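Work through the exercises below with the sequence and the 3D structure at hand. Try each task before you read its solution.

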Amino acid sequence: MISKGLKNVVAAETAISLVDGEKGRLIYRGYNAKELALQYSFEEIAYLIWYGFLPNDHEKQMISESLKNNRELPSYVYQLIQTLPCDMEIMSQIRTVVSALGTKEFGWKPTVEQAIRLTAVIPVITAAIYRKVNGEKIILPNRELGHVENYLYMLTGKRHSFALIRALEGYMILTMEHGMNASTFTSRVVSSTESDMVSAVTGAIGAMKGPLHGGAPTGVIDMLNEISNKEDAEIWIRQKLERKENLMGFGHRVYRTRDPRAEALSEITKQIGADDEWLELAYYVEKLAVQLLEEYKPGRRINTNVEFYAAAVMKAIDMSPSLFTPTFTVSRMVGWTAHVIEQSLDNTIFRPEAKYIGKQTVELQSLV
Ligand SMILES: CC(C)(COP(=O)(O)OP(=O)(O)OC[C@H]1O[C@@H](n2cnc3c(N)ncnc32)[C@H](O)[C@@H]1OP(=O)(O)O)[C@@H](O)C(=O)NCCC(=O)NCCS
């Protein structure tokens, strides 16, 4: 039997995360990701993902310092960033620059130190590429700032309110890890050949770039902009569903309930701007869309997914749509590197079979 796309095939064991579609749970190392996102910092959850337990005060200090100490990029990397053409897609530039990090320090076997290094530099690389593409001067990391706040600072050159930083931090914690998705699988496949961690995450970035995976919340923003007010929402959604088009921000391959990440992000958005008109419209459209999806697609259990509220967070912090997938990449680096380490601890090279459907033996014509 062929399982195209390896659907429902269990290809590895993992202790990193559980994506429970039926119960609508996302578990990181035994903890509910939603609760983690509301209560902890990016650094603490990265530690949890890599080491398997939450850090104590000393370990928290250690991980924050290590991420800060590893932000510096060698000058040849900045030169490479300046050399790449501005019309090259940002994700392609990130992939190219990350692959240039593959020096001797990244030999087999993968380590947490390597994971920290890659996680520390990915926001620096992303922000530098983004500013270069926009004709702005590259901003170097600020040692005073934590991982997420520093990323926002390097992108904009501005300091943001605590509420907005926490909103982005929540999003980045919730997108750090998500089971055996396409990019994580890619990283494990590359690593299973005993290739280095840089090669594994370079492959993962290539997978993330595809619209079927790193899909951005842009569609949700466009939808809410088109609807524009509560009065027009119902007719807009009905027309869309009658044309058999999908509503952006709803439905998921695995989750049959409201995506737990959407659940957490909706709470976070309430904390940052419940009086915002756009958010009010988002809450209204969500409720109505779920009702109408049940009416048009009874029993399919189509619910709000992470992209719906990711759109709200991105809009609140005024993040450019060109940064949506790159920002997802900045957070997912933690998950990829954890999986690469886990793969190395009990490694078998991935080597599935393909059913041959080409011609059987064809007689070669004699040339003489
Ligand atoms: C994510 C997605 C690709 C999953 O698709 P899927 O695996 O085919 O989903 P299901 O198998 O649960 O679909 C069941 C039915 O609901 C429909 N459906 C699923 N999502 C829908 C949506 N967002 N709007 C309208 N109908 C939808 C499907 O067309 C299908 O209809 P059918 O049974 O009449 O053929 C799909 O929900 C989608 O395109 N959503 C919008 C894009 C989006 O928000 N993507 C980000 C995901 S995190």
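**Exercise 1. Place Asn150 and decide whether it is buried or exposed.**

Step 1. Asn150 sits in helix 7. Helices here are DSSP runs of H or I with at least four residues, numbered from the N terminus.

Step 2. This is a predicted model: local features need pLDDT of at least 70, side-chain atom pairs count only at pLDDT 80 or more, and totals for chains, interfaces and linings use all residues. Residues are numbered from 1 along each chain as its sequence is written, and side-chain values use heavy atoms, with hydrogens and water left out.

Step 3. Asn150 has a relative accessibility of 2%, so Asn150 counts as buried. The scale, found with a 1.4 Å probe on protein chains only, is: buried under 20% relative accessible area, exposed over 50%, partly exposed in between.

Step 4. Look for partners. Not counting residues up to four places away in sequence, Asn150 touches Arg71, Pro141, Asn142 and Leu145. Contact means heavy atoms within 4.5 Å.

Step 5. Asn142 appears again in a polar contact. The Asn150 side chain reaches the backbone nitrogen of Asn142 at 2.9 Å. A polar contact is a pair of N or O atoms within 3.5 Å; within protein, one must be able to donate a hydrogen and the other to accept it, and residues adjacent in sequence count only if both atoms are side-chain atoms.

**Exercise 2. Find which residues the UniProt annotation "active site" covers, and describe the setting of His252.**

Step 1. Read the record. The unreviewed UniProt entry puts the annotation "active site" on His252 and Glu307. Such annotations may be inferred rather than shown by experiment; positions follow the numbering used here, and feature names are shortened.

Step 2. Compare sequence and space. The two are spread over 56 residues of sequence, yet they cluster in space, with a largest C-alpha distance of 10.3 Å.

Step 3. Place each one. His252 lies in the loop between helix 12 (230–242) and helix 13 (260–273). Glu307 belongs to helix 15, residues 306–316.

Step 4. Check exposure. His252 is partly exposed because its relative accessibility is 25%.

Step 5. List contacts. Beyond neighbours within four places in sequence, His252 is in contact with His178, Asp259 and Arg261. Its side chain also reaches the backbone nitrogen of Val254 at 2.9 Å.

**Exercise 3. Find how many cavities of 30 Å³ or more the structure holds, and what lines the largest cavity.**

Step 1. Fix the terms. On a 1 Å grid over the protein atoms alone, a cavity is a set of points where a 1.4 Å probe fits but cannot get out; a pocket is an open set with protein on both sides within 12 Å along at least five of seven lines; lining residues have an atom within 4 Å of a point. Grid points are joined across faces, edges and corners, and a volume is the space filled by probe spheres set on the points.

Step 2. Count. There is one cavity of 30 Å³ or more. The largest cavity has a volume of about 40 Å³.

Step 3. Read the lining. Among its residues are His252, Asp259, Arg301 and Thr304. By class, two are nonpolar, five polar and three charged. Nonpolar covers Ala, Val, Leu, Ile, Met, Phe, Trp, Tyr, Cys and Pro; charged covers Asp, Glu, Lys and Arg; the others, Gly among them, are polar.

Step 4. Inspect Arg301. Its phi is positive, about 55 degrees, although Arg301 is not a glycine. Arg301 is in the loop between helix 14 (277–296) and helix 15.

**Exercise 4. Describe the lining of the second largest pocket.**

Step 1. The second largest pocket has a volume of about 250 Å³.

Step 2. Its lining has 15 residues; Tyr130, Leu155, Thr156, Lys158 and Asp318 lie nearest its centre. Eight are nonpolar, three polar and four charged.

Step 3. Helix 6 (112–133) and helix 7 (147–156) each supply at least two lining residues. Helix 7 gives the most, with three.

Step 4. Turn to Asp318. Asp318 is in the loop between helix 15 and helix 16. With a relative accessible area of 68%, Asp318 is exposed. Its phi is positive, near 60 degrees, in a residue other than glycine.
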